[in-house]
Amino acid sequence: MNTYLRILNYVRPYWKHILLTFVFTFLFALLNGLSVYLTIPLLDTLFQESATKQVVSEEQAPSRTSIFPDWIQSIEKDVTTSFNDFILSGEKSDVLIKICILILIAFFLKNIFGYLQSYFMAVVEYGAMKDLRDQAFKHLNSLPLSYFKKEKTGNLISRFTNDVNIVQSSISATFSNLIKEPLTIIVFLGIAISISWQLTLFAILILPFSTGIIIWIGFKLRKLTYVLQSKLADITSVLQETISGVKIVKAFGMEPFENKRFTNETKSFFKMVLKIVRIRNASSPITEFLSVVIGVFIIYYGGILVLEENVLSASQFLGFLFAIFQMLPPIKELSSVNNRIQEASAAGDRIFEILDTKSDIINLPGAIVLKEFKDKIEFNSVHFSYDDSDEKILTDISFQVNKGEILALVGPSGGGKSTLVDLIPRFYDPTEGAIFIDGTDIRTLTLESLRAKMGIVTQETFLFNTSIKENIAYGLIECPEEKIIKAAKTANAHKFISEMSKGYDTIIGERGIKLSGGQRQRLTIARAILKDPEIMIFDEATSALDNESEILVQEAIERLMENRTTFVIAHRLSTIRNANKIIVIDRGRIVQYGRHEELIAAESGLYKKLYEMQFRE
Ligand code: ADP
């Protein structure tokens with residue numbers, strides 16, 4: 001229930017629309033009631049000898065006791081009398097015409113109000129869900145890298161799409177039900193009571209019968225929906241993985257394996273759906289049958305009141321039955337409200353899990369803005385482990401890089417080089433020790449100002465599915481075209497961009513799939529050049545490019561490094577030759593430190609081995 005209240009919080013800003021929904025729903029219910037009430041004079045007109053006679057005979061009928069206080073009774077009597085005077089006066093054919101016109105008007109207005117009510121309700125539910133999605137997205141963006149490593153992408157996407165949809169549809173169902181159905185029930189209950197309170201009381205007494213079963217079904221459904229949603233997320237995950245890894249899947253001939261994986265997930269989803277459908281769909285027939293049982297009792301008791309006790313006229317009894325049967329669908333709907341609330345809560349839980357994840361990489365209170373990078377970056381006895389694991393990825397890392405220097409990191413794969421550079425923009429924080437910029441612990445700086453000083457080029461060249469222009473200028477609010485072109489030229493990208501039919505306005509397709517590897521790299525380098533960061537973090541691509549591309553990329557990289565402080569995970573001989581310092585990292589420790597010439601001289605060192613295996617050209 002708490003989750004549901006939390007969902008309703010998102011509805012609150014739309015209170016004006018809710019108010020309008022309420023007003024129109026009320027009018028809708030009222031006219032609905034009127035249209036049923038009109039059946040009584042209609043029946044009288046059709047089946048009595050004279051309508052006027054009926055009015056008189058009704059007044060002579062045995063006195064009906066009422067549960068309403070006198071003043072309500074007198075209003076009721078006035079309204080009924082003027083209604084009857086207006087409707088039932090004149091010839092039978094006139095009366096019939098009047099009733100027909102009234103029915104037309106009542107239904108016309110009822111439908112207009114129904115339309116308005118559902119429109120305003122839609123504003124509430126879709127508006128609230130937009131806000132929820134926006135907030136979740138914003139929060140997701142504030143979460144640290146480690147969160148994204150832990151959670152499957154497909155699973156997260158599923159929460160944003162499928163779960164939000166469920167919440168939205170159940171909000172609409174519950175909200176409109178909680179407003180509309182009670183109002184309808186009240187109106188018809190009023191009509192029923194005004195006709196015969198004894199009969200109404202009798203009906204009410206046998207109603208709560210069904211509630212116990214319905215509540216039980218609700219709780220069962222909530223549990224199952226949560227499981228169902230996570231199964232849907234699993235499907236999305238497999239789909240997402242297969243699509244993004246399509247090349248690997250094909251290259252390894254893993255299509256049958258992926259197909260099997262997918263069908264396993266869909267099968268288990270299917271089974272769960274059927275389980276839910278069995279329960280949810282059973283709830284309707286059960287309630288309906290219970291309703292009919294109630295109906296039959298009422299017909300029997302009412303029949304006796306008409307036939308033996310003579311307290312009701314036949315038309316009133318029929319009117320009463322209409323009113324009671326009009327109440328049944330809303331009661332049935334209300335009984336499903338609990339199910340919907342439970343479903344929404346389960347889906348809501350999955351969305352709120354994102355919102356409730358706290359980021360541990362945040363601005364500390366009183367964090368200061370890094371205005372200028374003047375002097376040096378220093379690692380001081382840094383240790384690091386990923387999340388809850390005890391495994392040390394980095395052990396006692398200490399070194400210093402002066403402004404303008406190039407630091408190359410080399411070492412066997414899995415040694416911890418990427419992890420080390422990820423600590424500089426605070427993608428992760430050290431488990432022990434600290435990193436200083438100009439003597440200030442980077443954890444005391446604002447994240448924005450720290451990262452604004454840095455450019456990052458990784459092996460995975462990530463491009464967005466927009467124009468080349470927008471990709472290069474990513475992160476800059478406004479950027480004159482000349483600057484973009486200049487950066488592209490420096491990155492050796494201008495030529496191939498200009499050769500494209502739409503030049504800088506070419507849309508490059510998801511993840512830049514329409515470009516070659518070397519072109520993608522040069523675009524990301526252009527992006528970094530345009531940002532013009534003082535500190536550059538660079539993970540050199542290991543994949544071999546063709547010769548021409550290699551030269552162009554290499555040139556671009558060298559220009560990018562000029563006049564910057566650079567951390568580079570190096571795979572090329574030219575890079576390590578240019579570096580001011582090289583640190584050799586093996587199993588999380590710095591095992592050698594110095595310039596290329598010094599390190600190569602150490603005969604038994606790891607560097608020499610690596611050099612012979614990897615770097616010799
Ligand atoms: P390198 O860049 O030198 O190849 P990495 O920094 O990528 O090395 O990895 C160092 C170690 O950290 C590896 O053993 C790797 O398995 C582990 N590792 C990398 N990322 C994570 C992560 N998100 N969670 C847990 N362990 C990780």
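The exchange below goes through several terms as they apply to this predicted model.

Me: What should be known about the numbering and the cut-offs of the model?
Reply: Residues are numbered from 1 along each chain as its sequence is written, and side-chain values use heavy atoms, with hydrogens and water left out. The model is predicted, so local features need pLDDT of at least 70 and side-chain atom pairs count only at pLDDT 80 or more, while totals for chains, interfaces and linings use all residues.

Me: What makes β6 and β10 edge strands?
Reply: Strands are DSSP runs of E with at least two residues, and helices are runs of H or I with at least four, numbered from the N terminus. Two strands pair if DSSP finds at least two bridges between them. The open sheet of six strands has the order β6-β7-β8-β3-β9-β10, with mixed pairing. β6 (454-457) and β10 (589-594) each pair on one side only, which makes them the edge strands. The twist averages 15° from one strand to the next.

Me: How do you know that β3 and β9 pair?
Reply: Four bridges join β3 (residues 406-410) to β9 (residues 581-586), and the definition asks for at least two. The two strands run parallel. Ala408 has Ile582 of β9 as its bridge partner.

Me: Which strands does helix α20 lie across?
Reply: Helix α20 (residues 547-561) lies across β3, β6, β7 (535-539) and β8 (565-569). Its angle to β7 is about 150°, on a scale from 0 to 180 degrees between N-to-C directions, with axes fitted to C-alpha atoms, for helices over the stretch in contact.

Me: How do you know that β1 and β2 pair?
Reply: Six bridges join β1 (residues 376-384) to β2, and the two run antiparallel. The definition is therefore met, as it needs at least two. Ile377 stands opposite Val401 in β2. These strands belong to an open sheet of four, in the order β2-β1-β4-β5, with antiparallel pairing. Its edge strands are β2 (394-402) and β5 (440-441).

Me: What makes Ser418 and Thr419 polar contacts of the ligand?
Reply: A polar contact is a pair of N or O atoms within 3.5 Å; within protein, one must be able to donate a hydrogen and the other to accept it, and residues adjacent in sequence count only if both atoms are side-chain atoms. A polar side-chain atom of Ser418 lies 2.5 Å from an oxygen atom of the ligand, and one of Thr419 lies 2.4 Å from an oxygen atom of the ligand. Both values are within the cut-off. For Gly415, a backbone N or O atom lies 3.2 Å from a ligand oxygen.

Me: Which helix gives the largest share of the shell around the ligand?
Reply: Helix α14 (residues 417-422) does, with three residues. The residues around the ligand include Lys149, Tyr386, Pro412 and Lys417; a residue is near a molecule or strand if one of its heavy atoms lies within 4 Å of it.

Me: What holds the side chain of Thr357 in a polar contact?
Reply: Thr357 lies in the loop between α13 (314-356) and β1. The backbone oxygen of Glu353 lies 2.7 Å from a polar atom of the Thr357 side chain. Leaving aside neighbours within four places in sequence, Thr357 is in contact (heavy atoms within 4.5 Å) with His139, Leu143 and Tyr147. Thr357 and Tyr147 are 210 residues apart in sequence and 8.8 Å apart in space, C-alpha to C-alpha.
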